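Please look over the structure shown below before reading on. The report takes up its interior space and then its charged side-chain pairs.

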Amino acid sequence: MHRYDPARQGLALGLAALAGLVDATGFVVAGGYFTSFMSGNTTRMGVELVHSPALALAPLWLIGAFLAGVTGGALVGRRFAGRHKRVLLGLVALLLSGGAGLLAAGLAVPFLGLAAMAMGLANNVFVRDGEVTVGVTYMTGALVRFGQGIAARLAGAPLESTRGYGLLWSALALGASAGGGLCLIAPLWAAALAALAALALWGFAFAAER
């Protein structure tokens, strides 16, 4: 995070909030599965393979959709190097808008697939030399860096490289809270907000890539 200018940091925080919103919506719609947190889906898949094998198909479907998004996003990033942020975020907005439309039509499973694919794509927005520099849909690493930063400050030797990760985690948590709150009304409201937020981030990406 510390390597990026304020505009790109803002974009990263916005993407983390979007991921929290989408993940909370998917969690409610799927009954306890995730659209961006693949560690959780993998754990559930492993447990269900032993206890209820048929149920393992749900997390496997989401993992496959997410992986397809990551792979496709990486290829798009290579093809549109230098302007990949706006292209990827345009695709994320398109997928989430399509997903919201499917959810409105009562098609929950395709919605979940498009949402997971969109989150896979989003992880290619912050990439350098083919490697992800800021993970925007998973926060374990961010919390580790945040904790390391706290320890460094307590030891009297602050680490510049750990700055911003607490905010990144907070953004995802706030997004998840917003998604959970809207799902109390109707999951479609949360899905629609996610699509609108993705469109806003797509527009913001033009400024962030100048």
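What volume does the largest cavity have? In this predicted model, the largest cavity has a volume of about 40 Å³, and the structure holds one cavity of 30 Å³ or more.

The lining of the largest cavity is made up of L21, V22, T25, L96, A100, F111, A115, A190, A191 and A194. Four helices, namely α1 (6-30), α4 (84-104), α5 (108-122) and α8 (187-208), each contribute at least two residues to this lining. Sorted by class, the lining residues of the largest cavity are nine nonpolar and one polar, with no charged residues.

Charged residues come up in the salt bridges instead, and the count comes to two. Side chains of opposite charge can pair when their charged atoms come close. The table sets out the two pairs.

| Salt bridge | N to O distance |
|---|---|
| E48 and R44 | 3.1 Å |
| R163 and E160 | 2.7 Å |

The partners E48 and R44 both belong to helix α2 (residues 38-51), where they are four residues apart, about one turn of the helix. Is E48 buried or exposed? With a relative accessible area of 7%, E48 is buried, because buried means under 20% relative accessible area. Its partner R44 counts as partly exposed, at 28% relative accessibility.

In the other pair, R163 has a relative accessibility of 48% and so counts as partly exposed, while E160, with a relative accessible area of 45%, is also partly exposed.

Notes:
Residues are numbered from 1 along each chain as its sequence is written. This is a predicted model: local features need pLDDT of at least 70, side-chain atom pairs count only at pLDDT 80 or more; totals for chains, interfaces and linings use all residues. Side-chain values use heavy atoms; hydrogens and water are left out. On a 1 Å grid over the protein atoms alone, a cavity is a set of points where a 1.4 Å probe fits but cannot get out, and a pocket is an open set with protein on both sides within 12 Å along at least five of seven lines; lining residues have an atom within 4 Å of a point. Grid points are joined across faces, edges and corners, and a volume is the space filled by probe spheres set on the points. Ala, Val, Leu, Ile, Met, Phe, Trp, Tyr, Cys and Pro count as nonpolar, Asp, Glu, Lys and Arg as charged, and the others, Gly among them, as polar. A salt bridge is a side-chain nitrogen of Lys or Arg within 4 Å of a carboxyl oxygen of Asp or Glu. Buried means under 20% relative accessible area, exposed over 50%, partly exposed in between (1.4 Å probe, protein chains only).
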